[in-house]
Amino acid sequence: SEASSQVTKTVAIYPGRFQPAGIHHYKTYTWLQKQFKDAWVATSNKVDGVKSPLNFKAKRMVWLKHGVKNIKQVKNPYVCEEILSKYNADKTAVVFVFGQKDAGRLKTTKADGSPAYYQPYKENLHHLVYYT
């Protein structure tokens, strides 16, 4: 498509709560980094008792211990304005990677049946469009 021919960069984002980031999270990020030059971990500073006890500073420290440096505090890990604002909106595609438990939270179609913002990567690999 014409839009995909304008994409010159693809950014990969691994969003989540990461309470804490375990070895399986690190392995996923390592795989993602091998697939995409620009790979990021996106997480919030939300703290909620037992379910989310770690703040961003603590989560960042765990990721740094794993050797991951591209960690960004974001307001919403499934939007990531704080990361994407650094890239050309008309030339950059974004790929989000997330676990199976999160798959049901993200809609791939709108109420009218048209495609939503999130689309499966493999089916659209050759039809990526810029993130806006």
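## From helix α2 into the sheet

Start with α2, which lies across β1 and β2 and runs at about 175 degrees to β1. You are looking at a predicted model.

Next, select helix α3, residues 56–65. This helix also packs on the sheet, and its contacts are with β1, β2 and β3. Compare directions with β3: the angle is about 175 degrees.

Now show the strands alone. In what order do the four strands of the open sheet lie? Read across: β3-β2-β1-β4, with parallel pairing. Color the edge strands, β3 (71–73) and β4 (92–96). Each of these pairs on one side only. Look at the twist as well: neighbouring strands are turned by 30 degrees against each other on average, direction ignored.

Zoom in on one pair. Select β1 (residues 9–15) and β2 (residues 38–43). These strands run parallel, joined by five bridges. For a single example, pick valine 11. Its bridge partner in β2 is aspartate 38. Pairing of this kind, parallel or antiparallel, goes through backbone hydrogen bonds.

Go back to α2, residues 23–35, and select histidine 25 within this helix. Is histidine 25 buried or exposed? Histidine 25 counts as buried, because its relative accessibility is 15% and the cut-off for buried is under 20%.

What is histidine 25 in contact with, leaving aside neighbours within four places in sequence? Display Tyr14, Phe18, Pro20 and Trp63. Tyr14 falls in β1, residues 9–15, and Trp63 falls in α3, residues 56–65. End the tour here, with histidine 25 and these four contacts on screen.

Key: Residues are numbered from 1 along each chain as its sequence is written. This is a predicted model: local features need pLDDT of at least 70, side-chain atom pairs count only at pLDDT 80 or more; totals for chains, interfaces and linings use all residues. Side-chain values use heavy atoms; hydrogens and water are left out. Helices (H or I, at least four residues) and strands (E, at least two) are DSSP runs, numbered from the N terminus. Buried means under 20% relative accessible area, exposed over 50%, partly exposed in between (1.4 Å probe, protein chains only). Contact means heavy atoms within 4.5 Å. Two strands pair if DSSP finds at least two bridges between them. Axes are lines fitted to C-alpha atoms, for helices over the stretch in contact, and angles run from 0 to 180 degrees between N-to-C directions.
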